[in-house]
Amino acid sequence: MKLTSILRVGALALAPLLSVAHAADFPSKPIRIIVPFAAGGSTDAVARLVGTKLAAKLGQPVVVENKPGGSEVIASTFVAQSPPDGHIIFLSTMTGLTVNPSLYSKLAYAPKKDFAPLVLAATIPSLFVVHPSVPVKTMAELPAYLKAHPETAYGSGGNGTPNHLATEMYKRAIGADALHVPYKGGAPALADLMAGQLQMMVGLMPEALPLVKANKMRAIGITTLQRSPEYPDLPTVAESGVPGFEMIFWSAFVVPSATPKNVQAILHKALDATLQEPDVRAQMTAMGIVPGGGSQQDLARLIDSDTAKWKKVIDAAGIKAD
């Protein structure tokens, strides 16, 4: 046997041992959870809640780092180019993992190629809300109103954001139109809805519900397929004339794709166990967030299905971010 063949065979035999050794040494330094938004939002809250528990499970400090901007492009690019040793975890969302590839003609990262899925972190329902002056009391009344008032202005957190895409998907399903007004985030859009500058919006439940309870706006529907156990009187969009309509904002933990499989397994086990802890689930639920969990394969399937789903909406509406 040639020396090169002997070396190749030896390297192949040694690779699993090196991988096991790597896993045995992991983690060897603090874990960093990268969040693509500023501190204080729902995704940041999930990262900090999970990070506190994760530190105890892994025996290393866990630090949350916020890298906001560019519809997750800045944080996504940073993580894609980071060392694949498991010490950097990315808490990305449906925007960075499934929407951006269709929204941007050029991206410095490719979700399918650059990231390995670990576990679904959380899902957040959204609400269709209208200003109190809008004479629409139920979701079933909205199509007729929009067809009669195509100048109706709706807000979003920006071009291609989930609330923008959800409204576009709804408009096309009912054959109506409305005027899109993009903002730099959901909060300023909700503020203008309260002020009467906008007539409607799809808002994340944790952000919109307090304003609904304060009678600043009216909730007429929820974007999940089933009604919320906490608010069973609020109908779904799907049961209000648009069968199958669903838009759930979700976040998920991923790592650079070259991260060793056994290191991925360690992280998945620790993260999934953390998400199943009763106090973690209770705290998320109190914030209007549904705790995640599941296998790496479950998350991979969700990423694939949502990528195809939002590509259809983006292409049909001709939405572009650049």
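# Pockets, burial and backbone in a predicted model

Mentor: The largest pocket of this predicted model has a volume of about 760 Å³.

Trainee: What makes this space a pocket, and which residues line the pocket?

Mentor: On a 1 Å grid over the protein atoms alone, a pocket is an open set of points with protein on both sides within 12 Å along at least five of seven lines, and a lining residue has an atom within 4 Å of a point. Volume is the space filled by probe spheres set on the points, which are joined across faces, edges and corners. By that rule 32 residues line the largest pocket, and Phe37, Gly157, Thr161, Gly185 and Gly186 lie nearest its centre. At least two lining residues each come from helix 2 (42–58), helix 7 (162–174), helix 8 and strand 8. Helices (H or I, at least four residues) and strands (E, at least two) are DSSP runs, numbered from the N terminus.

Trainee: How do the lining residues of the largest pocket divide into nonpolar, polar and charged?

Mentor: There are 12 nonpolar, 16 polar and 4 charged residues. Ala, Val, Leu, Ile, Met, Phe, Trp, Tyr, Cys and Pro count as nonpolar, Asp, Glu, Lys and Arg as charged, and the others, Gly among them, as polar. Gly157, Gly185 and Gly186, named above among the residues nearest the centre, therefore fall in the polar class.

Trainee: What is known of the second largest pocket?

Mentor: The second largest pocket has a volume of about 410 Å³. Its lining holds 22 residues, with Pro125, Met205, Ser228, Glu230 and Gly288 nearest the centre. Helix 9 and helix 11 (278–286) are the elements that give two or more residues to this lining, and helix 9 has the largest share, 5 residues. By class, the lining comprises 13 nonpolar, 6 polar and 3 charged residues.

Trainee: What makes a space a cavity, and how many cavities of 30 Å³ or more does the structure hold?

Mentor: In a cavity, a 1.4 Å probe fits but cannot get out. The structure holds 1 cavity of 30 Å³ or more, and the largest cavity has a volume of about 30 Å³. Ser42, Thr43, Val46, Ala122, Ile124, Phe249, Trp250 and Ser251 line this cavity. Helix 2, strand 4 (115–124) and strand 10 (249–256) each supply at least two of the lining residues.

Trainee: Which residues of helix 8 are buried, and why are they said to be on the same side?

Mentor: Gly186, Ala189, Leu190 and Leu193 are buried in helix 8 (residues 186–194). They lie on the same side of helix 8 because they cover an arc of only 100 degrees around the axis, where the arc is that of the directions from the helix axis to the C-beta atoms. An α-helix has 3.6 residues a turn, so residues three or four places apart point the same way. The buried residues of helix 8 pack against strand 5 (126–130), strand 6 (153–156), strand 8 (200–204) and helix 9 (205–213).

Trainee: Is leucine 103 buried or exposed, and what of serine 71 and asparagine 215?

Mentor: Buried means under 20% relative accessible area, exposed over 50%, and partly exposed in between (1.4 Å probe, protein chains only). Leucine 103, in helix 4 (residues 94–103), has 1% and is therefore buried. Serine 71 has 30% and is therefore partly exposed, whereas asparagine 215 has 64% and is therefore exposed.

Trainee: What makes the backbone notable at serine 71, asparagine 215 and proline 27?

Mentor: Most residues other than glycine have a negative phi, and most peptide bonds are trans. Serine 71 is not a glycine, yet has a positive phi of about 50 degrees, in the loop between strand 2 (62–66) and helix 3 (73–80). Asparagine 215, also not a glycine, has a positive phi of about 60 degrees, in the loop between helix 9 and strand 9 (218–222). A cis peptide bond, with omega about -5 degrees, joins phenylalanine 26 and proline 27.

Trainee: How do you know which parts of the model score well?

Mentor: pLDDT is the predictor's confidence in each residue, from 0 to 100. The chain averages 91, and 92% of the residues score at least 70, but residues 1–21 stay under 50. Residues are numbered from 1 along each chain as its sequence is written, and side-chain values use heavy atoms, with hydrogens and water left out. In this predicted model, local features need pLDDT of at least 70 and side-chain atom pairs count only at pLDDT 80 or more, while totals for chains, interfaces and linings use all residues.

Note on methods
Contact = heavy atoms within 4.5 Å.
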